[in-house]
Amino acid sequence: REPAAGRGAAGAAASRIARRRMSVDEAKKVMDVEALEGEAHIQERFDVLHALNGPTDASSGSPYLQGKISAARSVLLDELARANSKSPPKADDKTE
């Protein structure tokens, strides 16, 4: 029960992961996405992976992997926001 509650060795490892900044490439590998495919897709992958590694009746889950998944989501959403703020306005909005 300790790992499921975020205590013990696994909880400490998850805390260390949360403190270290993950690269965008590592985040893409953790979330299994090719490119920045949009906030909805990133959130969908997060929900699936986080639930798969959560505690169940049969196992106590993996706080370490949940920490990596959460960090990856944050990195990808930050990168997506940064990319959207740098992109120029679309040429489709022409006024004639």
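Two residues are in contact when heavy atoms of the two lie within 4.5 Å of each other. This tour applies that meaning to a predicted model.

**Stop 1: the whole chain**

Begin by displaying the entire chain as a cartoon. Its secondary structure consists of 4 helices and 0 strands, and the order along the sequence is α-α-α-α. Next, switch on the surface. The chain exposes about 6,700 Å², and carbon and sulfur atoms supply 50% of that area. Of the 96 residues, 25% count as buried. If contacts between residues at least 6 apart in sequence are considered, 64% of them join residues at least 24 apart.

**Stop 2: Gln-66**

Select residues 63-86, which form helix α4, and find Gln-66 within this helix. Is Gln-66 buried or exposed? Its relative accessible area is 16%, and buried means under 20%, so Gln-66 is buried. Now show the side chains around Gln-66. Leaving aside residues up to four places away in sequence, Gln-66 touches His-50, Asn-53, Gly-54 and Pro-55.

**Stop 3: where α2 meets α4**

Keep α4 selected and add helix α2, residues 24-31. The axes of the two helices come within 9 Å and cross at roughly 125°. How are α2 and α4 oriented to each other? An angle over 145 degrees would count as roughly antiparallel, and 65 to 115 as roughly perpendicular; the crossing at roughly 125° belongs to neither range, and the two helices are therefore oblique to each other. The crossing is left-handed.

Display the side chains that make this contact. On α2, select Val-24, Glu-26, Ala-27, Lys-28, Val-30 and Met-31. On α4, select Lys-68, Ile-69, Ala-72, Arg-73, Val-75, Leu-76 and Glu-79. Colouring these residues by character shows 8 nonpolar, no polar and 5 charged.

**Stop 4: Asp-32**

Finally, move to the loop between α2 and α3 (39-52), where Asp-32 lies. What is the relative accessible area of Asp-32? The value is 54%, and exposed means over 50%, so Asp-32 is exposed. Inspect its backbone as well. Most residues other than glycine have a negative phi. The phi of Asp-32, by contrast, is near 60°, a positive value in a residue other than glycine.

The tour may be closed by selecting Gln-66 and Asp-32 together: Gln-66 is buried, whereas Asp-32 is exposed.

How values were computed:
Residues numbered from 1 in each chain as written. Predicted model: local features only at pLDDT ≥ 70, side-chain atom pairs only at ≥ 80, totals over all residues. Heavy atoms only, no water. Buried < 20%, exposed > 50% of the residue type's maximum accessible area, 1.4 Å probe, protein only. Areas by Shrake-Rupley, 256 points an atom, 1.4 Å probe, with all protein chains shown as cover. Axes fitted to C-alpha atoms, helices over the stretch in contact; angles between N-to-C directions. Parallel < 35°, antiparallel > 145°, perpendicular 65-115°, else oblique. Left-handed = near helix turned anticlockwise from the far one by under 90°. Nonpolar A, V, L, I, M, F, W, Y, C, P; charged D, E, K, R; others polar.
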